[in-house]
Amino acid sequence: MFTSCRSTTTRTIILALAIIQLAKCQEDGNAQYNITTMDRLRVQLFTNYDKSAHPMVSPKQRTNITLGISINYIDIDELKGRMTLHGWINLRWMDGGRTWKPAYFDNITTLHIRAKEVWKPDITLFNSAGSEGDYVGDTQTMLSYDGSFLWVPPVVYTAYCNLNLKMWPYDQQTCKLKVGTWTLTSIDPKFLDYKESIDYKDLIKSTEWDIIDATAEYNSEEFYNYVEYTFKLQRYSSMYTTVIFTPASCIILLCLSIFWLPPQMGEKILLNSVLIVIIAAFLMYFAQMLPILAENTPLVVLFYSASLLLLSISTIVSVVVLYLSTAKHKQRVPAFLKNILNGALGQILLLSEFSLEAEPQTLMNNGVKELGEHVYDEPTEVTNDTAMFNSSNQTPRSLQFDWILLATAVDRICFLFYCLIFIILAIVYSV
């Protein structure tokens with residue numbers, strides 16, 4: 001009986017539409033009238049249709065939907081701690097009141113309807129980083145003859161992500177999207193076992209990030225349920241090698257080479273100052289690239305900070321060495337230091353070769369400018385190395401030469417110490 005009443009109502013509406021269209025055509029002088037099969041189908045399906053009502057199977061049963069996501073592009077903003085995802089949401093649900101037999105309507109099996117004209121699931125990003133960053137497209141829905149709806153809108157989701165930047169710039173990040181529904185809508189967890197539930201085969205590869213793993217997990221609470229999508233992202237960019245690591249290697253080499261310059265050269269302090277300015281510029285660059293209040297400071301930043309401290313100490317050492325080698329000393333080098341410089345340590349530091357090459361008489365014979373001549377008052381001949389260190393009546397020239405040799409020893413000891421420190425830093429802060 002209900003079916004008969006419904007058919008009668010449908011025929012009445014169709015007849016009314018036909019009369020209105022015929023009257024309009026007669027006013028225009030056109031006697032032609034045509035109503036399509038698609039029009040008849042729409043009238044049958046959406047007469048007295050309430051798009052705000054949930055298409056429930058029974059009054060106490062929630063509307064069951066399937067939820068999937070297809071990813072096109074993904075990126076992370078380190079400064080704000082956010083992940084932005086561009087993709088498509090795949091939604092399917094059933095409405096038993098929107099069915100028809102294709103044989104009665106010229107074998108029409110699908111119907112395309114604007115999304116604003118039908119009921120749609122209330123899909124929400126639970127961990128959204130701001131509504132201004134979220135977007136859901138207004139695409140058409142597709143209705144099949146068995147009452148199944150398919151809606152695939154494009155989406156842009158921005159979610160908070162707890163970033164661990166310790167291994168930056170070659171770090172891995174794990175970010176999550178919690179997409180779900182409220183009240184009378186329920187997500188079907190069985191769909192998550194299919195490949196369509198999460199798909200990134202058409203991913204446009206970012207210049208910085210790549211998805212190495214993605215999983216979906218269903219969670220249900222008393223008044224809501226959601227799907228938690230977990231993405232494991234790997235950062236990779238060859239630019240970081242040339243911009244960050246190559247300059248770091250050059251800074252280390254220049255810092256070590258300073259200790260091999262002649263101890264009288266004031267340019268050592270200038271070179272140290274230039275390196276300090278360069279490292280400070282890199283630290284400012286990191287401050288602009290990375291969040292200041294990050295939970296974990298990147299190892300690369302710690303390496304540059306430690307290098308800045310070491311270069312500051314190296315500048316102080318250069319000042320001490322410059323003073324030892326150029327000041328007019330009236331006191332002799334302590335005897336125990338002479339013994340050390342004449343012993344095995346002097347051999348390790350190559351001081352014996354230095355003394356032979358810098359012997360004043362040899363320099364005079366070769367016509368080379370005397371070492372530290374601005375502090376020497378009268379020429380003196382030195383026959384051998386042991387005479388330089390063991391002579392009880394040292395001349396001003398030999399006395400000054402002892403201090404220059406001590407300054408050279410300090411430089412080379414610092415060179416060995418800095419080599420060890422930089423090796424340790426490279427191991428500890430390696431990424």
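User: Before anything else, what counts as a contact here?

Analyst: Contact means heavy atoms within 4.5 Å. The model is a predicted one.

User: With that settled, what does Met83 touch?

Analyst: Leaving out residues up to four places away in sequence, Met83 touches Ile74, Asp75, Ile76, Tyr157, Thr158, Ala159, Cys161, Cys175, Lys176, Leu177, Phe231 and Leu233.

User: Which residues have the most contacts inside the largest nonpolar core?

Analyst: Met83, Leu177, Tyr229, Phe231 and Tyr304 have the most contacts inside that core, which has 85 residues. Helix H11 gives the most to this core, with 11 residues.

User: Back up a bit. How many helices and strands does the chain have?

Analyst: There are 11 helices and 13 strands. The chain has 431 residues, and buried residues make up 40% of them.

User: And the accessible surface, what does that come to?

Analyst: About 23900 Å², with 59% of that belonging to carbon and sulfur atoms.

User: What share of contacts joins residues at least 24 apart?

Analyst: 76%, taken among contacts between residues at least 6 apart in sequence.

User: Sheets next. In what order do the strands of the open sheet run?

Analyst: The order is S4-S9-S13-S12, 4 strands with antiparallel pairing. Strand S4 (124–125) and strand S12 (209–220) each have a single partner strand, so each has one side without a neighbour in the sheet.

User: How many bridges between S9 and S13?

Analyst: Strand S9 (residues 172–182) pairs with strand S13 (residues 224–235) over 11 bridges, in the antiparallel sense. As one pair to look at, Gln173 has Leu233 in S13 as its bridge partner.

User: What does S6 pair with?

Analyst: Strand S6 (residues 141–144) pairs with strand S3 (residues 110–113), antiparallel, over 4 bridges. His112 stands opposite Met142 in S6. S6 is also joined by 3 bridges to strand S7 (residues 148–151), again running antiparallel. There, Thr141 has Trp151 in S7 as its bridge partner.

User: Which residue in the hairpin of S6 and S7 takes a positive phi?

Analyst: Gly147, with phi near 90°. The hairpin has 3 residues between the strands.

User: Switching to charges. How many salt bridges are there?

Analyst: The structure holds 8 salt bridges. One of them joins the side chains of Glu78 and Arg235, at 2.4 Å from N to O. That pair links distant parts of the chain, 157 residues apart: Glu78 is in the loop between strand S1 (63–77) and strand S2 (82–94), and Arg235 is in strand S13.

User: Are Glu78 and Arg235 buried or exposed?

Analyst: Both Glu78 and Arg235 are buried.

User: Where is Asp411, and what is its salt-bridge partner?

Analyst: Asp411 forms a salt bridge with Lys268, with the closest N and O atoms 2.3 Å apart. Asp411 sits in helix H11 and Lys268 in helix H4 (residues 267–289), 143 residues apart. Both Asp411 and Lys268 are buried. Elsewhere, Glu78, Asp171, Glu208 and Arg235 are joined into one network by salt bridges that share partners.

User: Where does Glu208 sit?

Analyst: Glu208 is in the loop between strand S11 (198–199) and S12. Leaving out residues up to four places away in sequence, Glu208 touches Glu78, Gln234, Arg235, Tyr236 and Tyr240.

User: Why does Glu208 count as buried?

Analyst: Because its relative accessible area is 18%, and buried means under 20%.

User: What about the salt bridge of Asp138?

Analyst: Asp138 forms a salt bridge with Lys116, the closest N and O atoms being 3.9 Å apart. Asp138 is in the loop between strand S5 (135–136) and S6, and Lys116 in the loop between S3 and S4, 22 residues apart. Asp138 is partly exposed at 45% relative accessible area, and Lys116 is partly exposed at 48%.

User: Last topic. Which residues make the nonpolar surface patch?

Analyst: Phe336, Ile340, Leu345, Ile348, Ile413 and Leu416 make a patch of about 550 Å². Helix H6 (335–342), helix H7 (344–348) and helix H11 (396–428) are the elements giving two or more residues to the patch.

User: What's the relative accessible area of Ile340?

Analyst: Ile340 lies in helix H6 and has a relative accessible area of 38%, so Ile340 is partly exposed.

Conventions
Residues are numbered from 1 along each chain as its sequence is written. This is a predicted model: local features need pLDDT of at least 70, side-chain atom pairs count only at pLDDT 80 or more; totals for chains, interfaces and linings use all residues. Side-chain values use heavy atoms; hydrogens and water are left out. Patches are made of residues with over 30% relative accessible area and no salt bridge: like charges are joined within 9 Å, nonpolar side chains (Val, Leu, Ile, Met, Phe, Trp, Tyr) within 5 Å. Accessible areas come from the Shrake-Rupley method with a 1.4 Å probe; for residues, only the protein chains shown count as cover. A salt bridge is a side-chain nitrogen of Lys or Arg within 4 Å of a carboxyl oxygen of Asp or Glu. Buried means under 20% relative accessible area, exposed over 50%, partly exposed in between (1.4 Å probe, protein chains only). Two strands pair if DSSP finds at least two bridges between them. A nonpolar core is a set of buried Ala, Val, Leu, Ile, Met, Phe, Trp, Tyr and Cys residues joined through side-chain atoms within 4.5 Å.
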